[in-house]
Amino acid sequence: KKCMLLIKNIGEGNVKNILLLLLILMSMCVLNCSSSPDFTQTDLQTDLQIILETEWQNYSRDKTNFGGGIAMQILTPSADYFISSGMGGDMDNSHRFRTASVTKTFTAASIMLLHERGQLNIDHKLSDNIPGTAIPYFPYNIPHRSEITIKMIIMHRAGIFDLTNTDIQDNAASHGEPYVGKNYIEETMKHPNEKHQFTFDELFRVIERDEQVGFEPPDSKYAYSDTGYTILGYIIDRVSGKTYEAFVRDEFLIPNGLSSSSLPWQGTDRTLPAPFVNGYMWDGSTLTDVTVDNMSAFVGNGNMVTTMLDLAIWAKILLTGQTALSMSTIELMKSGLPSEKSSTYGLGILYTPTFGYGHGGDHEGYTTLMFYKPEQDIAYVVLMNTWDVSNWPTSYAAQKKFMANTILKVFARMGL
């Protein structure tokens, strides 16, 4: 308005001078407008925080001795947002937590980088030799080793027995073993062996010796396998000449400034670096802190410790081709086959039309969702640091549904 008043008061004069003055005054208006306070981002941050707090209060209200909370990190082209509820006043996006299976996106990216460099071929069988050597990718004689390709494993279509989530099956080879009908990893880590050092050799020998199979024949269906990604971690180690942890760190963490992320692999490395988010289990009345844990059995499939900011950045740079991987490789990773009723699973990347491309992670005390929506160029991470096991698995499924519904309400306020 001030600019228009000045223009109105110019009066009749030289046309050229008037035009020049108009340009000067318009520039002043632009500068004045750009320096004015813009409350849009602040208002949206406040609204999103209110949504999260309201949803968390409604979800946790009737749960006695319930703890923990929910947090969300959102990266947009115009602004970044971090909101949390129930996690304490000092909670921010620099707090570390166990991101569990979201680790698989780093493992898949590492395999694909070695594929791009010609150091391995994802269409090779496990029994094949590493290019240019007489060394097989995988020397352990597990069932169907000569039929399973690296690509099948990345897509969870290989039928690799899942030691993390499946009890040892009773068959002719395993009959008489003390852990038949039990979870091998859980049984091994029972007190006083919480710090037991799992190795690739130990885990693969169990499958080999006891002839454990997830499904057969290979590539006949989708079935999630943590141990399949442990095999990929071993292949990265074997092909690159570096440990899995060192390869991911050198190729993806350090070059991309993800300095708050790490991959603990020693049985004695059970705590989280400060600052960190505590993880809890709630059984309906008692809240148990499960932050301290041994991740040596989960190398390659779920051992990453990270922050919400690091993880959101990773989702963005990975899926927009800003890492060492070419965009054509990223497109290949995004190309999936049906995994569940409403989603597809590619090469380490899950896709749903509603939530985008990314991955979820579940480790006792921590539930993570990491996704990127290409249509809006938005990356986001959602974290809950409590598992509701009061009526397992129904109560935990309800928790996942709560997270999904909360995301949708946040998206609605953002106009997505």
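Visitor: How are α4 and α9 oriented to each other: roughly parallel or roughly perpendicular?

Guide: Start with the angle between the two helix axes. In this predicted model, α4 and α9 pack at an angle of about 80°, and their axes are 10 Å apart. Angles from 65 to 115 degrees count as roughly perpendicular, and α4 and α9 are therefore roughly perpendicular to each other.

Visitor: Which residues of α4 and α9 meet?

Guide: From α4 come T103, F106, T107, A109, S110, L113 and L114. On the α9 side they meet Y244, F247, V248, E251, F252 and L253. Here is a general idea to hold against that list. An α-helix has 3.6 residues a turn, so residues three or four places apart point the same way.

Visitor: Is α9 mostly covered or mostly open?

Guide: To read that, look at how many of the helix residues are buried. Seven of the ten residues of α9 are buried, so this helix is mostly covered. The buried ones are Y244, A246, F247, V248, E251, F252 and L253.

Visitor: What covers the buried residues of α9?

Guide: The cover includes α4, α8 and α10. You have already met α4 as the helix that packs against α9 at about 80°.

Visitor: Which residues touch the most other members of the largest nonpolar core?

Guide: That core has 114 residues, and F106, I154 and Y380 are the ones that touch the most other members. Helix α10 gives the most to this core, with eight residues.

Visitor: What is F106 in contact with, leaving aside its neighbours within four places in sequence?

Guide: Follow F106 outward in the 3D view and you will find Y244, V248, F252, L253, L258, M304, L311 and W314. Several of those names should look familiar: Y244, V248, F252 and L253 are among the α9 residues that meet α4.

Visitor: Why do the rings of F252 and W314 count as edge-to-face?

Guide: Let me begin with another ring pair and then come to yours. The structure holds 24 aromatic pairs. F138 and Y234 form one that is edge-to-face, with 5.8 Å from centre to centre and 90° between the planes. This pair links distant parts of the chain, 96 residues apart: F138 is in the loop between α4 and α5, and Y234 is in helix α8. Both F138 and Y234 are buried.

Now for yours. The rings of F252 and W314 have centres 5.5 Å apart and planes at 75°, so the pair is edge-to-face. The cut-off behind that reading is an angle over 60 degrees between the planes. F252 lies in helix α9 and W314 in helix α10, so the pair ties together parts that are 62 residues apart in sequence.

Visitor: Are F252 and W314 buried or exposed?

Guide: Compare the accessibility with the cut-off: buried means under 20% relative accessible area. F252 is at 0% and counts as buried. W314 is also at 0% and counts as buried.

Visitor: Which residues do ring pairs link into a cluster?

Guide: Look for W56, Y59, F66, W282 and F402, which ring pairs link into a cluster. A lysine joins the picture here. K63 lies over the face of Y59, at 4.0 Å from the ring centre, and the charged end of K63 also sits over the ring of F66, 5.7 Å from its centre.

Visitor: Where are the cis peptide bonds that involve P217 and P275?

Guide: For a peptide bond, the angle to read is omega. The bond from E216 to P217 is cis, with omega near 0°, and P217 lies in the loop between α7 and α8. The bond from A274 to P275 is cis too, with omega near -10°. You will find P275 in the loop between α9 and β4.

Visitor: What is the phi of H156, and what is the phi of E211?

Guide: H156 has phi near 60°, a positive value in a residue other than glycine. H156 sits in the loop between α5 and α6 and is buried, with a relative accessible area of 2%. For E211, phi is near 50°, again a positive value in a residue other than glycine. E211 lies in the loop between α7 and α8 and is partly exposed, with a relative accessible area of 48%.

Methods:
Residues numbered from 1 in each chain as written. Predicted model: local features only at pLDDT ≥ 70, side-chain atom pairs only at ≥ 80, totals over all residues. Heavy atoms only, no water. Phe/Tyr/Trp six-rings, centres within 6.5 Å; stacked < 30°, edge-to-face > 60°. Helix = DSSP H or I, 4+ residues; strand = E, 2+ residues; numbered from the N terminus. Buried < 20%, exposed > 50% of the residue type's maximum accessible area, 1.4 Å probe, protein only. Lys NZ or Arg CZ within 6 Å of the ring centre and 35° of its normal. Core = buried A, V, L, I, M, F, W, Y, C linked by side-chain atoms within 4.5 Å. Contact = heavy atoms within 4.5 Å. Axes fitted to C-alpha atoms, helices over the stretch in contact; angles between N-to-C directions. Parallel < 35°, antiparallel > 145°, perpendicular 65-115°, else oblique.
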